[in-house]
Amino acid sequence: MCAGVVLAVAGCLTMTGIARAGDLPSADKVLGDYIKATGGAKAYEKHKTSFSEATMEIKPMGIKMNMKHWSSAPALQYVEVNVEGMGTTVECVDGKNAWSVSPMQGDSIAEGEELDFKLRSAIFNSELKWKEIYKKVECVGKEEINGKECYKVVKTPPTGNPSTEYYDAESKLLVKQSMIVTSPMGDVPVESFVSDYREVDGVLVPFKITATVMGTERVVDVKKQEFNVEISKDKFAMPDQIKELMAKNKSGSGEKDGK
């Protein structure tokens, strides 16, 4: 859930020192405990689709937006972000391609590491599939976050930047995630603090995310979360303007190679 669209949270982080390797649980145990604490693998596996609605406020800019997010197994994702007075931006992943349709930034197609990141983020029930998704996952230390002792887990994908996650040693829940996201603007640092876990159809889901993106705070409040909703396959279909853009990009690349 937390990985799909991918989000960040601002909070207070206090370093308490690095624990010796022998004092630490394995990443397998930390992530396994998280799955159990949030409902268990069987509860996750019952879900094949999801839908959520949320609001996001960029406080320093006074901007508020409404977000809708659809996802489906095995790796389909569709996100709408509406900003009043600025229109609606759509981002979609169809399991093979990822694209964006935006009245503000124009249409675009993800490539390279950006595409790899978006494909990983769209994997449904990724919490259960980390061994398939990442080439290396390690529990590397302990840190105190907001007064809670947390295990620090670093996930390294086959391509792109690693992500670092912090799990409360007592509750076993994820409380923070830090990563560098590859985007058309370059590498963007994102720090996420998740909270307000609520049970939805057998699984605990965070309903609040306070994000820091390049020093700017963004607060996400989830208003609705549903699982196993009916989603038309047409939701993830590539629109004509993206097909045209993709064909144009391929044509341009071919002409360049021909030279």
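Glu165 counts as buried, because its relative accessibility is 6% and the cut-off for buried is under 20%. This value, like the others below, comes from a predicted model. The side chain of Glu165 forms a salt bridge with that of Lys155, with a nitrogen-to-oxygen distance of 3.0 Å. The two partners are ten residues apart and link distant parts of the chain: Glu165 belongs to strand S10 (residues 163–168), and Lys155 belongs to strand S9 (residues 148–156). Lys155 is buried too, since its relative accessible area is 9%.

This pair can be set within the whole chain. The protein chain has 259 residues, and 47% of them count as buried. Its secondary structure consists of five helices and 14 strands. The chain exposes about 13,600 Å², of which carbon and sulfur atoms supply 50%.

The salt bridges come next. How many salt bridges does the structure hold? There are twelve. One of them joins the side chains of Lys118 and Glu114, at 3.4 Å from N to O. These two residues lie four residues apart in helix H3 (residues 112–121), so about one helical turn separates Lys118 from Glu114. Are the two residues buried or exposed? Lys118 counts as buried because its relative accessibility is 18%, a value that falls under the 20% cut-off. Glu114 is buried as well, with a relative accessible area of 11%. The two residues also belong to a network of salt bridges, in which Glu91, Glu114 and Lys118 are linked.

Another salt bridge connects the side chains of Glu138 and Lys136, with an N to O distance of 3.8 Å. Here the surroundings can be read from the accessible areas. Glu138 has a relative accessible area of 37%, so it is partly exposed. Lys136 is also partly exposed, at 42%. Both values lie between the cut-offs of 20% for buried and 50% for exposed.

Strand S5 (residues 87–93) contains Thr89. With a relative accessibility of 13%, Thr89 counts as buried. What does its side chain meet in a polar contact? The partner is the side chain of Ser102, at 3.2 Å. If neighbours within four places in sequence are left aside, the residues in contact with Thr89 are Val79, Glu80, Val81, Ser100, Val101, Ser102, Pro103 and Met104. Ser102 thus appears both in this set of contacts and as the partner in the polar contact.

The nonpolar residues remain. In soluble globular proteins, nonpolar side chains tend to be buried together. In this model, the largest nonpolar core has 37 residues, and those with the most contacts inside it are Tyr34, Val137, Val153 and Tyr167. Helix H1 (residues 27–37) contributes five residues to this core, the most of any element. Apart from this core lies another one, of 14 residues, which includes Tyr78, Val90, Trp99 and Met238.

Which residues does Tyr34 contact, beyond its neighbours within four places in sequence? They are Tyr44, Glu127, Tyr167, Lys172, Leu173, Leu174 and Tyr197. Tyr167, one of these contacts, is also among the residues with the most contacts inside the largest core. The list for Tyr34 includes charged residues as well, namely Glu127 and Lys172.

Technical notes. Residues numbered from 1 in each chain as written. Predicted model: local features only at pLDDT ≥ 70, side-chain atom pairs only at ≥ 80, totals over all residues. Heavy atoms only, no water. Core = buried A, V, L, I, M, F, W, Y, C linked by side-chain atoms within 4.5 Å. Buried < 20%, exposed > 50% of the residue type's maximum accessible area, 1.4 Å probe, protein only. Contact = heavy atoms within 4.5 Å. Polar contact = N/O pair within 3.5 Å; in protein donor to acceptor, adjacent residues only side chain to side chain. Salt bridge = Lys/Arg side-chain N within 4 Å of Asp/Glu carboxyl O. Areas by Shrake-Rupley, 256 points an atom, 1.4 Å probe, with all protein chains shown as cover.
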